Amino acid sequence: MSSVVKLEPLSGVKDEGPLCYLLQIEETFLLLDCGWDDKFDMAYIDSIKSRVSQISAVLITHPDQPHLGALPYLVKYCDLTAPIYCTVPVYKMGMMFMYDWINSLVSVENFELFTLDDVDVAFDRIQKLKFNQTVCFTTYTSWRFNSYWHMIGGAMWRITRHDEEDIIYAVDYNHKKERHLNGCSFDNILRPYLLITDSLNALYTQPRRKERDEQLVTTILKTVRQNGDCVIVIDTGGRVLEIAHLLDQLWANTQSGLQKYNLVMMSHVAASVVEFAKSQVEWMSDKVLKSFEMGHTNPFLLRNVKLCHSQIDLARVRSPKVVLCSGIDMECGYSRELFLDWCGDSRNSFIITGRSSERTLCSKLIYMAECLATNARTNRIVALEVKKRVRLEGAELEEQEKRQAELRGFDSDDDDEIMANALAAVEILCTKKKREEEQQAAAAAKDSNGMSAPKVSPMIVEEEPQVKEQVSEMENDEESAIPGLTPSRVKALDNLSDAPAFVPSGPAFPTRKRRPVRHNITMQAMARYRMPFFKRFMPIMLPMYPVLEEKVKWDVYGEKYRPEDYTVSKLRVHLPVPQEIIKEADDPTANMAVPLVDDAPTKCITVIEKIEVSCNVEYIEFEGRSDGESTKKLIAQMKPKQLILVHGSAQATRHLAQHCYDNNIAQVLQGHIFTPSVGEVVDATVASHIYRILLSDELFDSLEFIKVKDADLAWIDAQITTRPSETGVGRENGVEADVQITDVNPMDQHIDKCMLSVLSGEAPFRDVVYVNDPKLSEMKQLLINMGYSAEFSSGVLYIGGVISIRRNEAGRFHIEGCAGPQYLKLRDIILEQFMVL
């Protein structure tokens, strides 16, 4: 490949952090993945932001956060407008990963980097690809993907330019066949120009699948039989499908003895993940597809799995139980919350199924599990940063309520009017109650003395102006009026009724003008109403209970609205589990903190706690990646011309690179084995003599171009001069050179400050250059079409028994044959297939 190829790692080299790499092919810049983690490193984002205008496309390989976690932030704040490509399952499951991640973060902290709406906006710009679909991005660049990997829909990107050799980007692949996914195949990939792969498992040897499954089942049975709960830490929508499918089959087997225990899948989007898995059967293994077609049943119905979306749902499930909870790094989410609640019970078990970056709770527990497995001494006390969301109390609550009242934006005049109306209603009620007490006292005095008390006139309460307006509105409202029930009768009935009018009570007054409420059962009006001769259905609406009918305010733009009426509060506050739920579930975890959906004002607190891990901790690998031995064999099988190792610890990266050198794999490579650091630009261009230099107008007009495929070539005899803009002088004498500058060091000559000009003398003598070497297969087909007999034998093309054509070790054509007219004629035909400069 004669194109300029460079790779700049922005993240994910010599460590196990998120993956992000910028690949340059001539003028095309491709962003390979854009992951993020709970550390939210902004320096890495700034490096992408400075190159956003250059990015031509974004290629996503897997749906989890290490591969696409930063995508919403880049689209919202960094103005990423380049097209984004991924497969259909990566699109659907990636959205579930992001939803679950954001909900987990918001539940314990004030997370404001991006929201669920930002995720929707970013994913709406994704272009979804079908299986093995090829995308022609430009006239010269195209790519396609191959599946399957360790997650559903995972892709290996195969990038091609000018129908030249391939550039392969393959990370987190798995060549082994699993229950719900097929293994990837590299049989159709041979001698790629550049291979970009990871070294994550270079030092890891996987156990056999049967031994791994037996260890999982043994741990589960041991835990539940001692009345403990077993937590399996897994991701949101990737590897959870493999484990859920395995456990569902175990629970369906009557001989396993697991039917009496509960199996739970717990995440914020558990139901959506299962629904998406049901609709993506065509992306799964041949065994799953065959069972779906032959048995007419979807293998991901998961009849034995209960779906829980909160700890309230989990508390209703009877213990002992097995819980598949999301949050593979255990820095946030249900996996961390359950660990804080259940790690103090020695009967419980936590099974870690995948690794994460360093200095996370997951990595600490894996180290602890490895020490326990080898009987090594380890400290069971872990210092953790515990984040919680709690309700506001006291002065903080009052200040928050004042702030919310100010944000509502009501005018002071409206507030005064509301308060005056409320006070007038209270005064009317007090006057009426006082007069009733006087009447009762007079009646009691009459009974005791046996004398007639003075006749008291009935109570007359003058209507407020607002009440008169409401009555006039009722008179004019014909649609809501009741036949036979006039406003005057309503007034009389209200005066005769013993029930007082409804007046708002409590600390909060109504915030709008309200109509007077009449909730007396007007049976007298019903008695006076007579049904007409021709009966017709007419619903009669009687105010039987207190109803507050708000008067809608309008302005020139329409109905006024209150923003707080449309605010959906889904903050999860940590409260004790209600006792009725505990009694219903028969669960001994009475002090477990459960997040409740509450609209009360809250705040986030962070404390450092030392927690003693009394529960059982084990690491059972379910990542679904190829191990170190398989990675080394696959690299030797593909025989790439260039190799770049990314995404792995520094020790694993050095080990894999040294293995390639020690086992003569490096001798196959034409270039080098690169192990770059963050920010280090790798120049993977094999033709290292290619440079960019400015041509003078006079020299450019004298060139004679020859069309070769999609390119125009010309031979240049010129001299190097200094650009006039650099020195202010017209030209200086330079050295004579052609476009292939092999004898002059470009760094010493400051090639970026030079230009090529026309030679002052005659051009030097040069040999003929043959361009566009044809393939032997193309040459054979051409000669057969011209009537010659041509056939291959041991890699040599024999033509009519006269000429033999083969390629030597340098890759050049070598023609042999007996001299004669037939030889000369065939030689001319062969040379015509080359472009001569």
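## Exercises on a predicted model

In β15, Val233 has Cys325 as its bridge partner. The model is predicted. The exercises start from this residue and its strand.

**Exercise 1. Place β12 between its partner strands.**
Task: find which strands β12 is bridged to, and which residues stand opposite Val233 and Val231.

Solution.
- Step 1. Take β15, residues 321-325. Four bridges join β12 to β15, and the two strands run parallel. Val233 is matched there by Cys325.
- Step 2. Take β16, residues 349-352. Four bridges also join this strand to β12, residues 230-233, again in parallel.
- Step 3. Read off the β16 partners. Ile352 is the bridge partner of Val233. Phe350 stands opposite Val231.
- Step 4. Check the faces of β12. Cys230 and Ile232 lie on one side, Val231 and Val233 on the other. All four are buried, so both faces are covered, given that buried means under 20% relative accessible area.

**Exercise 2. Write out the whole sheet.**
Task: give the strand order, then explain why β14 and β23 each have one side without a neighbour in the sheet.

Solution.
- Step 1. Six strands make up an open sheet. Their order is β14-β13-β15-β12-β16-β23, with parallel pairing.
- Step 2. Look at the ends. β14 (306-308) and β23 (616-619) are the edge strands. Each has a single partner strand, so one side of each has no neighbour in the sheet.
- Step 3. Add the twist. On average, neighbouring strands are turned by 20 degrees against each other, direction ignored.
- Step 4. Add a helix. α8, residues 270-278, lies across β13 (262-266) and β14. Its angle to β14 is about 130 degrees.

**Exercise 3. Classify two polar residues.**
Task: are Ser630 and Glu337 buried or exposed, and which side chains do they contact?

Solution.
- Step 1. Locate Ser630. It sits in helix α19, residues 628-638.
- Step 2. Compare with the cut-off. The relative accessibility of Ser630 is 13%, and buried means under 20%, so Ser630 counts as buried.
- Step 3. Find its contact. The side chains of Ser630 and Asp627 make a polar contact of 2.8 Å.
- Step 4. Repeat for Glu337, in helix α11, residues 334-342. Its relative accessible area is 10%, so Glu337 is buried too.
- Step 5. Find its contact. The Glu337 side chain has a polar contact with the side chain of Gln311, at 2.7 Å.

**Exercise 4. Describe an aromatic pair.**
Task: why is the pair of Phe40 and Phe111 tilted, and where do the two residues lie?

Solution.
- Step 1. Choose the descriptors. An aromatic pair is described by the distance of the ring centres and the angle of the planes.
- Step 2. Start from the count: the protein has 13 aromatic pairs.
- Step 3. Apply the descriptors. The centres of the Phe40 and Phe111 rings are 5.4 Å apart and the planes stand at 40 degrees, so the pair is tilted.
- Step 4. Locate the partners. Phe40 is in the loop between β3 (28-32) and α1 (42-49). Phe111 is in the loop between α4 (88-106) and α5 (116-124). The pair links distant parts of the chain, 71 residues apart.
- Step 5. Check burial. Phe40 and Phe111 are both buried.
- Step 6. Widen the view. Both belong to one aromatic cluster, with Trp36, Tyr73, Tyr77, Trp101 and Phe114.

**Exercise 5. Summarise the protein.**
Task: how many helices and strands are there, and what share of the residues is buried?

Solution.
- Step 1. The secondary structure comprises 26 helices and 38 strands.
- Step 2. Of the 837 residues, 44% are buried.
- Step 3. The exposed area is about 45,600 Å², with 51% supplied by carbon and sulfur atoms.

Technical notes: Residues are numbered from 1 along each chain as its sequence is written. This is a predicted model: local features need pLDDT of at least 70, side-chain atom pairs count only at pLDDT 80 or more; totals for chains, interfaces and linings use all residues. Side-chain values use heavy atoms; hydrogens and water are left out. Two strands pair if DSSP finds at least two bridges between them. Axes are lines fitted to C-alpha atoms, for helices over the stretch in contact, and angles run from 0 to 180 degrees between N-to-C directions. Contact means heavy atoms within 4.5 Å. Buried means under 20% relative accessible area, exposed over 50%, partly exposed in between (1.4 Å probe, protein chains only). A polar contact is a pair of N or O atoms within 3.5 Å; within protein, one must be able to donate a hydrogen and the other to accept it, and residues adjacent in sequence count only if both atoms are side-chain atoms. Accessible areas come from the Shrake-Rupley method with a 1.4 Å probe; for residues, only the protein chains shown count as cover. Rings of Phe, Tyr and Trp (its six-membered ring) pair if their centres lie within 6.5 Å; planes under 30 degrees apart count as stacked, over 60 as edge-to-face and the rest as tilted.
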